[in-house]
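I opened this notebook to keep a record of what I looked up, one topic at a time, for someone meeting the structure for the first time.

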Amino acid sequence: MSDPASADGSAAIDAVADRIRAAIGDRRPRVGVVLGSGLGGLADRLENVVALPYADLPGFPRSTAAGHAGRFVVGALPGVDHPIIAMQGRFHLYEGWNARQAALPVWVMRRLGVECVVVSNAAGGLNPQYRVGDVVAIDDHINFMFRNPLVGPNDESLGPRFPDMSSPYDPRLIAVAHEAARSHGFPLHTGVYVAMLGPTYETRAEYRMTRTLGGDVVGMSTVPEVVAAVHAGMRVFGVSTVTNADPPDALGETTHDEVVEAAASAGEKLRHLVEALVRHVSGAEAP
């Protein structure tokens, strides 16, 4: 596909958005959800669903990571009137995609009129207070991928050349999520997400380093999508599910199957958070 941030890439983004519009009719989702490893089950709860495999979208990349279905799903959560668009499967840099390709779906969502994006991931717990299955609202991040989707020519129709990143995660959305967690009786932590390139899991020394630098959870995704969302003027809520929480000096082996299983166990918590955020965005005044 053309470079998503070039003039040709902008046309390609429009082509994908047009294909999705043709499939979903007059439904106009205002909230987009990026579902990480093991969390794709949330899309299975949607009603009146239209599913669009990435393979059916012109020039779109393919998701190859285990636990990622590789499709957009548009539908409504039970009891919530407003539709959402969920991305079942993202594009990781460790798969060979570049940062702009990883960010592409967010730019497509923006073209569809999405105002708020919820970005979820499975992550290793750095904070010793975290336990497997806990959920963490991200309030900042550290980009140790050393890749940025905005490098290269900028298309002003997507966003500004130099977007401000002083507060990429919307404080009001974080507050709404905390209210929802309290009402449903589960803890919601708030912390800093550290993005690593992968695909290797972290060494003991890397765990110690990222914790020393202020990280609370560590993973291999999310940052390119968040940068693109901020670039496009979207509100962002990020959430990590803690899938392993060993101290660095007693670090056990980690397998992807274990990560997917642990992430899936938090699906109900994620559903409650997304429902609250959809209601807030669909009924709230402009921020």
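**Entry 1: helix H2**

I began at the start of helix H2, where asparagine 98 caps the N-terminal end, with a side-chain oxygen 3.0 Å from the backbone nitrogen of arginine 100. I note here that I am reading a predicted model.

I then checked the length of H2, which has 13 residues and reaches 19 Å from its first C-alpha to its last, close to the 18 Å expected at 1.5 Å a residue. Following the axis, I found a kink of about 35 degrees centred on proline 105. Past the end of H2 comes glycine 113, whose phi is positive, near 100 degrees.

Is H2 enclosed by the rest of the structure, or exposed? I looked up the burial of its residues and found that 11 of the 13 are buried, so H2 is largely enclosed by the rest of the structure. The buried residues include Arg100 and Gln101 as well as Leu104, Pro105, Val106, Trp107 and Val108.

**Entry 2: the nonpolar cores**

I turned next to the largest nonpolar core, which has 83 residues, and noted that those with the most contacts inside it are Ile20, Val33, Phe60, Phe72, Val108, Phe237 and Val274. Which element gives the largest share of this core? That share, 8 residues, comes from helix H2, residues 99-111. Apart from this core lies another, of 6 residues, and among them are Leu126, Met196, Tyr207 and Val218.

I picked isoleucine 20 for a look at its surroundings and, leaving aside its neighbours within four places in sequence, found it in contact with Leu52, Leu57, Phe72, Ile85, Val108 and Leu112.

**Entry 3: strand S3 and its partners**

Several of those names led me to strand S3, residues 71-76, where 5 of the 6 residues are buried, so this strand too is largely enclosed by the rest of the structure. On one pairing, 5 bridges join S3 to strand S2, residues 47-53, and the two run antiparallel; here leucine 52 stands opposite phenylalanine 72 of S3. In the other pairing I looked up, 5 bridges join S3 to strand S4, residues 84-88, again antiparallel, and the bridge partner of valine 74 in S4 is isoleucine 85.

**Entry 4: strand S6 and histidine 141**

Which way do S6 and S7 run relative to each other, parallel or antiparallel? Strand S6, residues 135-144, and strand S7, residues 188-196, are joined by 9 bridges and run parallel, with aspartate 140 having valine 192 in S7 as its bridge partner. S6 is also joined to strand S9, residues 235-244, by 4 bridges, and this pair runs antiparallel; valine 136 has serine 240 in S9 as its bridge partner.

Within S6 I stopped at histidine 141, which counts as buried at 15% relative accessibility. Its side chain makes a polar contact of 2.8 Å with the side chain of tyrosine 169. Not counting residues up to four places away in sequence, histidine 141 touches Met165, Tyr169, Val192, Tyr193, Val223 and Val226.

**Entry 5: backbone exceptions**

Before listing these, I reminded myself that most residues other than glycine have a negative phi, and most peptide bonds are trans.

Asparagine 48 has a positive phi of about 55 degrees although it is not a glycine; this residue is found in strand S2 and is exposed, with a relative accessible area of 63%. Threonine 222 likewise has a positive phi, near 80 degrees, and is found in the loop between strand S8 and helix H5, but threonine 222 is buried, with a relative accessible area of 1%.

Which peptide bond did I find to be cis? The bond from glycine 198 to proline 199 is cis, with omega near 5 degrees, and proline 199 is found in the loop between S7 and helix H4.

**Entry 6: the protein as a whole**

Finally I stepped back to the overall counts and noted 7 helices and 9 strands in the protein. Buried residues make up 56% of its 287 residues. Among contacts between residues at least 6 apart in sequence, 81% join residues at least 24 apart.

Definitions and conventions:
Residues numbered from 1 in each chain as written. Predicted model: local features only at pLDDT ≥ 70, side-chain atom pairs only at ≥ 80, totals over all residues. Heavy atoms only, no water. Core = buried A, V, L, I, M, F, W, Y, C linked by side-chain atoms within 4.5 Å. Buried < 20%, exposed > 50% of the residue type's maximum accessible area, 1.4 Å probe, protein only. Contact = heavy atoms within 4.5 Å. Expected span 1.5 Å × (residues − 1). Bend = angle between axes of the 7 residues up to and from the residue. Polar contact = N/O pair within 3.5 Å; in protein donor to acceptor, adjacent residues only side chain to side chain. Pairing = 2+ DSSP bridges.
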